Amino acid sequence: MKYFYIVIILLFSQFSFAWTELGGNIRGLVSNSESGQIIRGATIQLVSFKGKKTPVKAFSKDAGEFIFANVAPGLYNLECSAFGFKTTRIVGIQVREDQTKLAYFKLVRGPAAEINEIYTYAALEAKQKATTETGSTSNESIENTPATIYVVTSEDIEYAGYMGLNELLLDIPEIEIQNRFTSEDYNTISSRGIQGNEKLLLLVDGVRYNSMTSTKMAILENFNIRHVDRVEVILGPASALYGADAYMGVVNIITKRGRNAKGFNLTGSYGLYNTTSNAFQFGLGNDKMSFSMSGGMYYSEGVNLNEQYPDEFRWYNNNYMNNGTVLRSPFDPTGNTQQLPIKSFDLSRFSYFFDAKFRYKKLTIGFFHNQEQHSSSIGTKGQYSPYWKESRYGSSLSGININQLYQPKRSNKWSLNTLLNATFMFIPLNSKFVNTFSGYANAYKTGTDMGARLTETFNYTFNKTHKLAVGITLQHSMTLPKTSDIPQQPTQLFLPVRPVNTVHDNIYYLGTNHTDADGNSLKIYQDLYYLRRVIAAAFAEYRVNIKDKLLITLGARFDQIFDISEYSPAKTLRTYNSISPRLGLIYKPLSTLNFKLLIGRGYLQPLPQRKYDHFGIFYPVANASGEYTHIEGGFWRLPNENLRPETLNTIELSTKYVKGDLSIGVNGYLNVIGNAVKFKTEFDNQTFKGIPITAAERAINREELIYTYGGTLRADYRVVLGSKEQIKLKMHASYTFADGQIENLQYLPFSARHTLKAGVLFRLYNFSLNNSLIYRSESYNNGFIDNDGNFFQTGSPSFVVWNLFAKYKIITTKKVNLDVFVKINNVLNSKYYHATDNSAIGLGASPQDPIRFVSGLTVGFGG
């Protein structure tokens with residue numbers, strides 16, 4: 001019988017042990033961030049993340065160390081305070097059974113009432129409390145931001161191997177990128193059925209890095225993000241906050257500042273096709289006064305696509321590469337040809353980026369400069385545009401900004417933020433096209449824009465429930481939009497402050513530099529369309545937070561815009577105005593669950609580049625004796641000064657559940673777009689400058705509304721294994737559906753109906769391996785009408801791309817860090833395509849890179 005009791009006791013003890021939850025430990029160290037000296041007697045509080053339990057206190061001992069033993073598994077905040085130092089709060093430490101979590105406090109001199117929050121250790125649930133700077137006039141947590149927002153941290157950037165902003169955006173749900181899109185843009189970004197880089201507002205630390213007149217530019221490594229603090233991406237219109245160009249969304253790049261920017265970091269890499277991608281970050285100072293700068297440089301010779309995709313370049317390979325033959329015009333049914341010099345295939349491109357900031361207390365002075373250049377034959381058929389090395393196009397953007405935040409010492413209720421920024425953008429002087437539209441002659445481009453913008457924002461906090469923000473914006477800008485083809489390379493920039501006399505400078509349209517039989521010049525001098533734009537705006541936002549359960553945001557912005565054609569043949573004044581309302585409702589029935597209803601309006605004033613864009617070819621006509629008699633033209637894209645502003649009305653509903661290390665979110669949206677711009681091509685009785693031409697293409701506004709709709713389901717999950725948390729798995733997956741209704745179009749342009757994005761990050765001690773996968777169904781362009789009047793949409797077939805990034809930390813100390821890495825894009829060496837624009841010489845489906853890899857290292861000092 002006693003053996004029976006012994007068995008019962010053993011079974012009971014095992015059963016009891018199985019239901020006993022083992023505690024974990026938190027231990028750490030407290031030190032001075034500036035001197036590195038340990039701090040004794042600091043008070044550390046362990047607070048339940050949801051604040052439902054009494055805080056537990058500990059004190060740092062002689063060596064600065066502290067410990068909390070036998071802590072029940074769950075989420076906690078750690079708060080550390082010491083006399084003469086700001087309070088530091090580590091948010092969302094996740095304690096696991098029988099594990100020890102390490103936490104290091106580096107305190108900063110200052111009043112204890114000021115709190116520094118750190119999310120380095122945070123679980124997914126805790127990161128919803130992280131403060132963002134983009135979705136509202138005041139800083140709000142992710143869960144309280146009235147927008148769909150994705151925050152990519154410096155840790156995410158490091159372990160994914162992102163260098164350029166384009167690489168990061170590629171992994172964001174609901175964002176689609178078409179690379180090698182056109183010869184001018186290189187790539188184009190679309191989201192929720194809206195397409196165009198100029199419709200995405202780019203900010204760095206809340207300061208505009210766009211052109212003042214929304215001139216289009218490629219988004220590549222010219223926005224280097226390798227060593228930034230984080231990137232915040234908001235989807236949907238934000239015109240109520242930022243004005244007319246926040247039409248599709250907002251990207252805010254947050255740089256490191258203060259003590260977080262101290263030290264020097266350098267990343268360098270080299271790989272296939274002589275590709276090198278490099279970045280640096282340097283900083284010194286403290287939270288009171290600091291200086292930081294960062295930058296990067298990218299260069300690649302590019303892939304010989306004519307060898308990788310011989311079917312798409314059959315004419316180019318069989319004719320041009322053998323005897324220099326190209327086709328004269330896509331509108332010539334006879335297939336006349338022309339001879340050109342034979343030169344090697346070239347797709348090289350380069351870009352660089354530089355940003356510097358000086359901060360003193362609440363004053364920030366910043367400067368930035370970037371440039372990008374690529375082949376001006378990108379996305380075109382080789383029989384109409386030879387891929388020569390000297391055929392280039394790009395953009396250069398510079399700016400300076402001053403930001404002063406005033407907060408009275410005796411009141412924390414209100415603040416006044418003053419931001420003054422100025423930008424200067426130009427097309428590099430070596431930008432040149434050689435294609436059928438230039439008659440295969442050298443066709444140079446130039447264009448500039450410059451402007452200044454002042455924004456004053458007043459924030460007032462009545463109490464925990466009510467907040468108000470009001471502000472004004474004043475902008476003055478001048479631009480010379482991209483010119484038509486210029487026969488000789490300009491020796492200096494054409495600044496928009498002073499008109500250029502095209503007769504004096506001998507700037508004429510290509511193909512008109514001839515004399516007729518009577519000795520009369522047939523030369524036609526170019527029109528340069530200078531534009532001055534003045535904007536006056538006022539905005540307001542009111543926020544109500546009812547017991548942190550229901551949050552209401554009401555906002556509106558009024559913009560008055562004056563466009564003055566300063567030096568065009570007919571000087572005109574055009575005015576536009578818009579009211580952009582905004583409503584956000586956030587309901588949180590549980591601390592782990594929220595619902596968001598968002599209603600807003602976007603507004604985009606006509607782009608000068610779109611209004612005045614014109615190019616084409618003139619040619620002399622001879623009589624039977626071979627003497628020139630007059631000028632005629634082929635295909636021409638013509639200006640249209642009467643373009644109206646585009647409008648966007650959107651409604652979005654989303655919900656998100658986050659608990660511990662699991663996050664699941666879903667959203668749906670409906671967009672109604674008015675006055676969308678499209679291109680119309682006409683063939684009958686067309687003229688330009690009084691000269692008959694074969695075909696005329698103009699940008700016009702659609703009279704009918706466009707409806708786009710869709711949604712996204714995303715899940716994130718993190719697993720931590722091992723007593724020392726040496727094994728970490730971070731997984732994410734999203735599915736996006738996008739569709740719409742556009743009159744006369746079967747497919748929503750540049751928007752795949754089905755997109756799947758997934759990734760798995762595996763970390764084991766100092767080794768990490770990140771895998772990302774993208775599946776995209778067919779994407780189509782916005783259609784084209786051929787010579788016979790037939791309309792059709794072309795595009796790219798569905799594809800799957802797998803990218804990989806592996807890193808190993810060789811040295812990890814307080815003073816020196818050294819990592820080596822390997823980055824492989826298109827691991828499966830898939831042949832895939834992106835959609836191009838609807839140009840008559842566009843490929844329709846533009847071939848993308850085969851497998852390519854780079855390897856490199858990152859070294860860091862100090863900090």
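**View 1. The largest nonpolar core of this predicted model.** This core has 44 residues. Leu165, Leu168, Leu169, Ile225, Val231, Val233 and Val251 touch the most other members. Several elements give two or more residues each: strand 11 (148–153), helix 3 (154–160), helix 4 (165–170), strand 12 (175–179), strand 15 (200–204), strand 17 (230–235), strand 18 (249–254) and strand 27 (414–426). A second core, separate from this one, has 31 residues. Among them are Ala218, Phe784, Leu843 and Ala845.

**View 2. Contacts of leucine 168.** Leaving aside residues up to four places away in sequence, leucine 168 touches Val152, Ile157 and Tyr162. Its other contacts are Ile225, Val231 and Val233.

**View 3. A nonpolar patch on the surface.** The patch is formed by Tyr657, Leu662, Ile664, Val666, Leu713, Tyr717, Tyr735, Leu756, Leu773, Tyr775 and Val800. Together they have about 860 Å² of accessible area. Strand 39 (662–674), strand 43 (706–721) and strand 46 (767–776) give two or more residues each. Strand 39 gives the most, with three.

**View 4. Leucine 756 in the patch.** Leucine 756 lies in strand 45 (residues 754–764). Its relative accessible area is 36%, so it is partly exposed. Patch members need over 30%, and leucine 756 has 36%.

**View 5. Lysine 389 in its loop.** The loop runs between strand 25 (363–375) and strand 26 (392–406). Lysine 389 touches Tyr299, Asp346 and Ser348, with residues up to four places away in sequence not counted. Leucine 347 is 42 residues from lysine 389 along the chain, yet their C-alpha atoms are separated by 7.3 Å.

Methods. Residues are numbered from 1 along each chain as its sequence is written. This is a predicted model: local features need pLDDT of at least 70, side-chain atom pairs count only at pLDDT 80 or more; totals for chains, interfaces and linings use all residues. Side-chain values use heavy atoms; hydrogens and water are left out. Patches are made of residues with over 30% relative accessible area and no salt bridge: like charges are joined within 9 Å, nonpolar side chains (Val, Leu, Ile, Met, Phe, Trp, Tyr) within 5 Å. Accessible areas come from the Shrake-Rupley method with a 1.4 Å probe; for residues, only the protein chains shown count as cover. A salt bridge is a side-chain nitrogen of Lys or Arg within 4 Å of a carboxyl oxygen of Asp or Glu. Helices (H or I, at least four residues) and strands (E, at least two) are DSSP runs, numbered from the N terminus. Buried means under 20% relative accessible area, exposed over 50%, partly exposed in between (1.4 Å probe, protein chains only). Contact means heavy atoms within 4.5 Å. A nonpolar core is a set of buried Ala, Val, Leu, Ile, Met, Phe, Trp, Tyr and Cys residues joined through side-chain atoms within 4.5 Å.
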